[in-house]
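Work through the exercises below with the model open. Try each task before you read its solution.

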Amino acid sequence: MGLFVFDAKRPDAPPRRCPESGSAQAMSATKGEALLTKDREVVRIDLTTCARSVVLTAPDDVRLHGAVGDHGVVAVATRDAQVLVLRPGRSETLISDRGPYQNASITMAEDGAQLTAESDHGTFGWNVTGRTQRFGYPKGGPAVMSNGIVLRHHGVVAELYDDQRSPATTAWGDFFGGLASVSWARDVLVIGGGRNVYAMPHAAGLKPGTFSDPANHHRLLHLPAGARTHVLATSRGGPWAAALYTETGGKHRRPAVWDVVERRRTPVRLPKEVGLRHVSFVGHDLYFGYNTGEVRRFRFADGEWRSAGSHRLPESVVALGGGTGDRLYAVMSKGGGARPTVVAMRASDLTVTASRRLEGTTATAKVEVMRDGQVVTGTGAGVVTFFTAELDLRGRFVDGALRYLFDLTEIPDRGHVLVSGENRSIVLDRRTLAPQEAWKQGAPFLSADVPKTEDVMATYSFAKFTVALWALKESDLRQRVCRAVGRELSREEWRRHIGGGVPYEPVCAA
């Protein structure tokens with residue numbers, strides 16, 4: 001039939017017809033011209049003269065999905081497990097190879113070309129111009145993105161998501177208090193950074209407006225100019241939070257411990273402060289690690305923390321990690337280019353039960369204990385190692401692009417580990433150790449944590465200085481429609497609002 005051009009300022013005027021044979025996969029239009037994506041080529045049509053020219057020819061082994069004008073022409077295509085962009089002259093840029101992908105689309109926005117595609121693992125979006133992933137959502141559904149606004153069709157409902165936010169993000173707020181750490185104690189989110197430590201009760205239920213409201217930020221610690229916090233730890237199932245800080249002009253780290261539910265600071269009878277470097281909890285017990293190799297255990301009794309034993313390791317403690325079980329894990333090193341060692345200790349008496357050499361140096365090191373007792377360490381330039389609770393090696397993943405490793409966080413319900421480095425964050429599957437395309441919006445993260453309820457994840461973005469909450473359990477969209485409307489949709493309402501191409505289903509039925 002051809003291409004019909006309508007004048008939006010004169011809707012009653014008859015359209016102009018430009019002859020064009022064959023079908024098109026997609027069409028995009030700018031002022032004065034249109035781009036038609038055919039099976040093997042992209043055609044430019046001058047909307048004034050109907051002049052036609054082929055501006056891009058695709059290789060035989062790809063499938064074209066759409067094209068836009070971005071300082072020339074850029075098209076989105078798929079090939080096997082790849083989604084890629086093509087430019088004139090057979091130029092190719094790989095966007096991702098973790099498909100296969102379908103329902104790919106490309107749009108133009110003020111910040112460049114935006115690409116979205118769907119795979120068996122979810123729906124994902126990228127900024128083509130900056131070659132950065134903008135969002136990843138675990139469940140599938142076609143999506144279109146422009147200027148950071150995402151329109152996603154999921155199940156029977158089309159949803160709009162706001163700019164610069166992953167669809168999973170439920171609340172966020174800027175935090176300019178310096179490089180920050182986030183950690184949960186029961187339902188209290190503790191944020192430590194710069195000169196301050198804050199507690200946010202019932203944070204998981206807060207929305208963007210209330211999350212950023214200063215009235216919901218209860219300051220536990222305020223240090224004078226020149227002082228700062230360094231390390232933050234919490235007891236996941238208990239009310240405790242601990243931070244190490246240095247005072248103005250001071251060199252030695254000092255501890256501060258709180259009951260964050262009551263927002264009350266609790267004293268610590270510390271035999272010595274010199275060399276104090278790390279802090280962690282196992283259950284309700286508190287542990288400190290020193291650069292001398294000493295590890296000390298403390299128990300809370302009669303309103304204060306009292307020493308309950310110690311053990312000296314042969315090398316400096318560079319990381320501590322615990323959970324709710326009966327094991328404390330320490331990473332120790334001689335420093336410099338020496339290989340570190342991870343050590344398993346009985347939490348009750350600090351007896352060493354196992355040790356393993358690690359790959360990578362120790363500019364930074366992290367150790368994270370999973371809910372099931374398994375252990376993950378991060379060392380050197382992107383070396384992530386997976387162990388059993390007894391430190392039997394399960395596997396290793398290396399990504400040098402991470403550079404220094406800042407944080408390891410379990411996403412328990414999904415079997416994932418969020419790994420954050422200086423340059424970017426990645427998500428690894430705990431079983432296969434394979435990278436996953438999810439939870440990248442706002443990365444790299446300096447810190448992240450999931451509470452005991454496992455329904456939300458808090459992150460601090462190293463790139464945007466933003467604390468955000470991510471929903472880990474997606475609500476049922478039909479139930480949301482039922483609550484909003486208050487009754488079942490009629491078939492006519494379904495056809496009008498959902499569309500005739502989607503089979504009718506009750507939204508309120510159990």
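The exercises move from the whole chain to one strand and its partners.

This is a predicted model, where local features need pLDDT of at least 70, side-chain atom pairs count only at pLDDT 80 or more, and totals for chains, interfaces and linings use all residues. Residues are numbered from 1 along each chain as its sequence is written, and side-chain values use heavy atoms, leaving out hydrogens and water.

**Exercise 1.** Describe the protein chain as a whole.

Start with the elements: the chain has three helices and 45 strands. These are DSSP runs, with helices (H or I) of at least four residues and strands (E) of at least two, numbered from the N terminus. Next, burial: 51% of the 510 residues count as buried. Buried means under 20% relative accessible area, with a 1.4 Å probe and protein chains only.

**Exercise 2.** Find which way the side chains of E21 point.

Check burial: five of the five residues of E21 are buried. Now sort them by direction. Asn196, Tyr198 and Met200 point one way, Val197 and Ala199 the other way. In a regular strand the side chains alternate between the two faces of the sheet.

**Exercise 3.** Identify the strands that pair with E21.

Strands pair if DSSP finds at least two bridges between them. E20 pairs with E21 in the antiparallel sense over five bridges. One of the bridge partners is easy to locate: glycine 192 goes with valine 197. Between these strands lies a hairpin with two residues, and glycine 194 takes a positive phi near 60° there. E22 also pairs with E21 in the antiparallel sense, over four bridges. Here alanine 199 stands opposite histidine 218.

Terms used:
Buried means under 20% relative accessible area, exposed over 50%, partly exposed in between (1.4 Å probe, protein chains only).
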